[in-house]
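Trainee: Please pick one part of this model and take me through it closely. I would like the surroundings included, and the reasoning spelled out where there is any.

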Amino acid sequence: MQGKVRLNPFDVSLLGPFASLIDSFHESNANPPEQLLQRIWAHQRILRRELRCDDGRSVRILHPGFWNRGPGPDFLRAVVQFEMEPPTAGDVEIDVVDSGWRGHHHHLNPDFDHVVLRVVWESGAHCHLPPPILALKPVLDAPLNELALWLESPLVSALDLRGRCCDPLESLEKARVLELILEAALERLRRKAFRFHSRARVCGWEQALWEGVFAALGYSHNPWPMLSLAEQLPELLADLAEGEGRRLHLQSRLLGVAGFLERYSSRDSDDTPSSSRKGGFPGARSIGLGSNGEVRADAARVFWDFWWRDRDLFSSRILPQQVWRLASTRPANRPERRLALVSHWLLRSNFVRALEEWIIAPHPHPEQGLFDQLQPEPDPFWHNHWTLDCAVGQKSTAPLLGKARVSDLAMNIFLPWFWARAGVGGNSEIRNTVTRRYLSWPANQDNRVLKLARQRLFGDRPNTVPVTAATQQGMLQIVADFCQLSNSLCENCQFPRVVRQFQHGHAKG
Ligand code: SF4
């Protein structure tokens, strides 16, 4: 039994991915995995009163930060205090070894500019370059194997991230909490509608709609370059080829002005397609599509075959590649694919009219009706490609549109746009329809902002309000209006006071 773990405060059935590693910690002094170090940090299983950085300064952890499951530092918006200095807010990066900072090029990555503390397992050579380093190994509050077991337990899997609003929310009746969250959701609808109204006064309702659609399809990483493309739609849609090449022509313009075709320009400058030199745009056979619509290996060139003719006209509008954030974008969400999708909609002469019919017509499942209506026509290239150069695996295809995207567009773009337009036109019937659909729309995909918001607002009662698209919107509005203006300690946050006033108002009423 020598070398085996005997400390087991939990049932063995609770053991998870670290269990198999426990022996190796014990027997070989191997470094623990980074994920375990992250959990130790998240739960602060360290001797918190004895922390000292490699530069000799003491450090207090006032808040460990919020665990970041996306790109960037591991913990965001931590609050730490060095010596007797004022507390500092910033991010915390966890690495097993201190060489990881340079090894992973974090020192060159602007996402890591706000790191105030690096946490490692064991500190190596002391370089004393900022950010300061804190080594965990000497300050664990229990043996590592015991911690690994403890951290596996579901009892501790939920971090205690309760915000200061958690108690006042807990003392409200559930129905009142729901009312409060829905009020925040309606406020979000009004604000989005207000933005559409303002923009429509400048450029018209239809252009305002397209700008919203483009920005929404840029997701959180690329709304600005997508918006920039939408602002150029009148020029991008002018003088397109007729017939079967029309969509490819538009896609090539969108991709070209986005800057995604620039890499082909050096490759192909002396290799202009002969069919195009003779005048006219290439036909389906010369653009990489076989007779059955299958995609040939060189199909990405089809876009260049169109674009080389337009490039001079649009050269001053081509976006530099630095404006795009692509590294952490999932293949299915790549902006190239989103531009392809929106090209289908742009070429429908009745796109807005069909949306109007959808909002007017009674529909038992409006989300399904909208999904059906927005389906793009068959698009052989994009059903088989994640990007211009990257094909989907042979046995699968990649639909350009999924239900989650449709819901996202409905809640953030189409319904607020209709709400604004109906308000200006004095059409209360449509406004009521929009509000009803907004409040009854099924829940959209969960995300880490919503998960964190639920933990902060409701603690261990995540099901306090039913999950619908509207309650999700309400939570996002509370995050935007309160959490993002405060810090991880909820300093100066007015939301607890708002909740108490809401409760008080109800009691009086
Ligand atoms: S910052 Fe405000 S709204 Fe956010 S969790 Fe803290 S108290 Fe609640």
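Mentor: A helix here is a DSSP run of H or I with at least four residues, and helices are numbered from the N terminus. By that rule, H344 lies in helix α14, which spans residues 335-346. Keep in mind that the model is predicted. H344 has a relative accessible area of 2%, so this residue is buried, the limit being under 20%. Its side chain makes a polar contact of 3.2 Å with the side chain of E377.

The part to look at closely is helix α19 and the ligand. Helix α19 covers residues 448-458. At its start, a side-chain oxygen of N447 comes within 3.1 Å of the backbone nitrogen of V449. After the helix comes G459, with a positive phi near 55°. The buried residues of α19 are L450, L452, A453, R454, R456, L457 and F458.

R456 leads to the ligand, as it is one of the residues around it. The others are G163, R164, C165, F482, C483, S486, C490, C493, F495 and P496. By class, this shell has seven nonpolar residues, two polar and two charged. The space that the ligand takes up is the largest cavity.

Several cysteines appear in that list, including C483. C483 has 13% relative accessibility and therefore counts as buried. C203, by contrast, counts as partly exposed because its relative accessibility is 26%. A disulfide is a covalent bond between the sulfur atoms of two cysteines. The structure holds zero disulfides.

Technical notes
Residues are numbered from 1 along each chain as its sequence is written. This is a predicted model: local features need pLDDT of at least 70, side-chain atom pairs count only at pLDDT 80 or more; totals for chains, interfaces and linings use all residues. Side-chain values use heavy atoms; hydrogens and water are left out. Buried means under 20% relative accessible area, exposed over 50%, partly exposed in between (1.4 Å probe, protein chains only). Helices (H or I, at least four residues) and strands (E, at least two) are DSSP runs, numbered from the N terminus. A polar contact is a pair of N or O atoms within 3.5 Å; within protein, one must be able to donate a hydrogen and the other to accept it, and residues adjacent in sequence count only if both atoms are side-chain atoms. A residue is near a molecule or strand if one of its heavy atoms lies within 4 Å of it. On a 1 Å grid over the protein atoms alone, a cavity is a set of points where a 1.4 Å probe fits but cannot get out, and a pocket is an open set with protein on both sides within 12 Å along at least five of seven lines; lining residues have an atom within 4 Å of a point. A molecule sits in a cavity or pocket if more than half of its atoms lie within 2 Å of its grid points. Ala, Val, Leu, Ile, Met, Phe, Trp, Tyr, Cys and Pro count as nonpolar, Asp, Glu, Lys and Arg as charged, and the others, Gly among them, as polar. A disulfide is a pair of cysteine sulfur atoms within 2.5 Å.
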